[in-house]
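Work through the exercises below with the sequence and the model side by side. Try each task before reading its solution.

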Amino acid sequence: MSLLLSVGGASALEKPTGDVILTITAAHLEHPNIDGTAQFDLNMLEELSGRSGEMETPWTQGRVKFSGPLLRAVLEAAGAHGSTMKVKAINDYIADVPIDDALDLDTILATRMNGEPMSVREKGPLFLIYPFDKDPGLYNEKYFSRSVWQIKAIEVTP
């Protein structure tokens, strides 16, 4: 199953069939699927190009394996372009994250921890994870503050 369908030369994002867990908005989305937004269910996200990494974080005990789609793959599927993302959590916490963090780093929208889907209680359904396993230089307060959990929406701004 492909997330993008070719429609008259343009690509369109399929509509979610399960519960929507992420909504992306932007001034202009190339691939909106519902009312000018790009909405994703868990299966749609997990079909995108992703990675897994085992790492220590300030929010977990010991080494934990996170896996999920690369953030850049999610933005590409939505056709979202800009310079900054407002990453919004269920509790209305918002972090401003430079789009370059998605493009230049292997940041993931973790959907699983140790192979299991993350519940809201476990910081899910989505957790922005930086590649702390690949670059120990990212293990600092600057990136910790951008590592939003319980993500529900991303607004891409110019």
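**Exercise 1: partners of one strand**

Find the bridge partner of A89 in β13; the solution is I151. The model is predicted, so local features need pLDDT of at least 70 and side-chain atom pairs pLDDT 80 or more, while totals for chains, interfaces and linings use all residues. Residues are numbered from 1 along each chain as its sequence is written, and side-chain values use heavy atoms, without hydrogens and water.

Step 1. Strands are DSSP runs of E with at least two residues, and helices are runs of H or I with at least four, numbered from the N terminus. Two strands pair if DSSP finds at least two bridges between them.

Step 2. Strand β7 (residues 84–89) runs antiparallel to β13, joined by six bridges.

Step 3. Strand β3 (residues 20–26) pairs with β13 in the parallel sense, over four bridges. Here A26 has V156 as its bridge partner.

Step 4. Five of the seven residues of β13 (151–157) are buried, that is, under 20% relative accessible area with a 1.4 Å probe, protein chains only.

**Exercise 2: an open sheet**

Give the strand order of the open sheet of four strands.

Step 1. The order is β5-β6-β10-β11, with antiparallel pairing.

Step 2. β5 (50–55) and β11 (116–117) are at the edges with a single partner strand each, so one side of each has no neighbour in the sheet.

Step 3. Six bridges link β5 to β6 (residues 64–69), and G50 lies opposite P69 in β6.

Notes
Buried means under 20% relative accessible area, exposed over 50%, partly exposed in between (1.4 Å probe, protein chains only).
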